[in-house]
Amino acid sequence: IDKGNEVYFRGISSKLLPSADLLEEIDAFEEVIFVGYPVGMYDTKNFTPIMRSGTTATPVQLDYQGKPAFLIDASVFPGSSGSPVMLINKENYSTPSGGNVIGRGRLFLIGIVAMNISMPEESDVHLRNAAATPYVETAQAIDIGIVFNSKAILETAEALWAKRPVPKT
């Protein structure tokens, strides 16, 4: 139903995916940003998503647990799945080999949020006159997210393009 609202859409070009050479330059600890709808939250007046930030928690060049993924240290909640994860350096950054300081910023799509990691918890519920102590199982977020890496993004996109050709950007 058209309610007269304009949809803001911004595609992410494949040019923002890091090359193999650039991946080798990325340090093990990098600043990242991601955009999404944590627990369904968004700006209801302007219809805009929520921007979040964090850092890489494992090297993006390595496949975490043998999967095409890495971890980020960020508050990742349900609703963040599918969020693009961008490596961002607004000003200077250094390379891990030799620590050369580069005097320009950079922005690359390094992954897509897959899920958050939580820790199971059990809590006792004390009821009067109960024969046994019931308990409740919950999960506590530990602010770690699993992110599919840029290689997985490219492979998925190429598989989709092979089935339904679309112009690549």
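T56 has I72 of β3 standing opposite. That pairing opens the exercises below.

The model is predicted: local features need pLDDT of at least 70, side-chain atom pairs count only at pLDDT 80 or more, and totals for chains, interfaces and linings use all residues. Residues are numbered from 1 along each chain as its sequence is written, and side-chain values use heavy atoms, with hydrogens and water left out.

**Exercise 1. Chain overview**

Task: State how many helices and strands the chain has, and in which pattern they follow each other.

Solution. Step one: count the elements. The chain comes to 2 helices and 8 strands. Both kinds are DSSP runs, numbered from the N terminus: helices are H or I with at least four residues, strands are E with at least two. Step two: read along the sequence. The pattern is α-β-β-β-β-β-β-β-β-α. Step three: take the burial total. Of the 169 residues, 27% are buried. Buried means under 20% relative accessible area, exposed means over 50%, and partly exposed lies in between (1.4 Å probe, protein chains only). Step four: look at sequence range. Among contacts with a separation of 6 or more, 62% join residues 24 or more positions apart. Contact means heavy atoms within 4.5 Å.

**Exercise 2. Strands β1, β2 and β3**

Task: Find in which sense β1 and β2 pair, and over how many bridges. Then place T55.

Solution. Step one: pair the strands. β1 (residues 31–36) and β2 (residues 50–56) are antiparallel, with 6 bridges. Two strands pair if DSSP finds at least two bridges between them. V32 faces G54 of β2. Step two: go on to β3. β2 and β3 (residues 69–73) also run antiparallel, joined by 2 bridges. Step three: check cover. In β3, 4 of 5 residues are buried, and the strand is mostly covered. Step four: place T55. This residue lies in β2, and its bridge partner in β3 is D73. T55 has a relative accessible area of 17%, so it is buried. Beyond four places in sequence, T55 touches F29, E30, E31, V32, I72 and D73.

**Exercise 3. Aromatic rings**

Task: Classify the aromatic pairs found in a search of the whole structure.

Solution. Step one: choose the descriptors. A pair of aromatic rings is described by the distance of the centres and the angle of the planes. Step two: apply the cut-offs. Rings of Phe, Tyr and Trp (its six-membered ring) pair if their centres lie within 6.5 Å; planes under 30 degrees apart are stacked, over 60 edge-to-face, the rest tilted. Step three: list the hits. The search finds 2 aromatic pairs. The ring centres of Y37 and Y42 are 6.3 Å apart and the planes stand at 70 degrees, so this pair is edge-to-face. Y42 and F47 are stacked, at 6.5 Å centre to centre and 25 degrees between the planes. Step four: connect them. Ring pairs join Y37, Y42 and F47 in a cluster. Step five: check exposure. Y37 is partly exposed at 39% relative accessibility, and Y42 is partly exposed at 34%.

**Exercise 4. Helix α2**

Task: Test the span of α2, then locate its buried residues.

Solution. Step one: compute the span. The expected value is 1.5 Å times one less than the number of residues. For the 14 residues of α2 (residues 150–163) this gives 20 Å, and the end C-alpha atoms are 20 Å apart, which agrees. Step two: list the buried residues. They are S150, A152 and I153. These cover an arc of only 160 degrees around the axis, which puts them on the same side of α2. The arc is that of the directions from the helix axis to the C-beta atoms. Step three: examine S150. At 5% relative accessibility, S150 is buried. Leaving out residues up to four places away in sequence, S150 touches L17, P18, L23, L109, I110 and G111.

**Exercise 5. I112**

Task: Say where I112 lies and whether I112 is buried, exposed or partly exposed.

Solution. Step one: I112 lies in strand β7 (residues 106–124). Step two: at 28% relative accessibility, I112 is partly exposed. Step three: I112 and P84 are 28 residues apart in sequence, yet 4.5 Å apart in space, C-alpha to C-alpha. Step four: beyond four places in sequence, the contacts of I112 include G82, V147 and I153.
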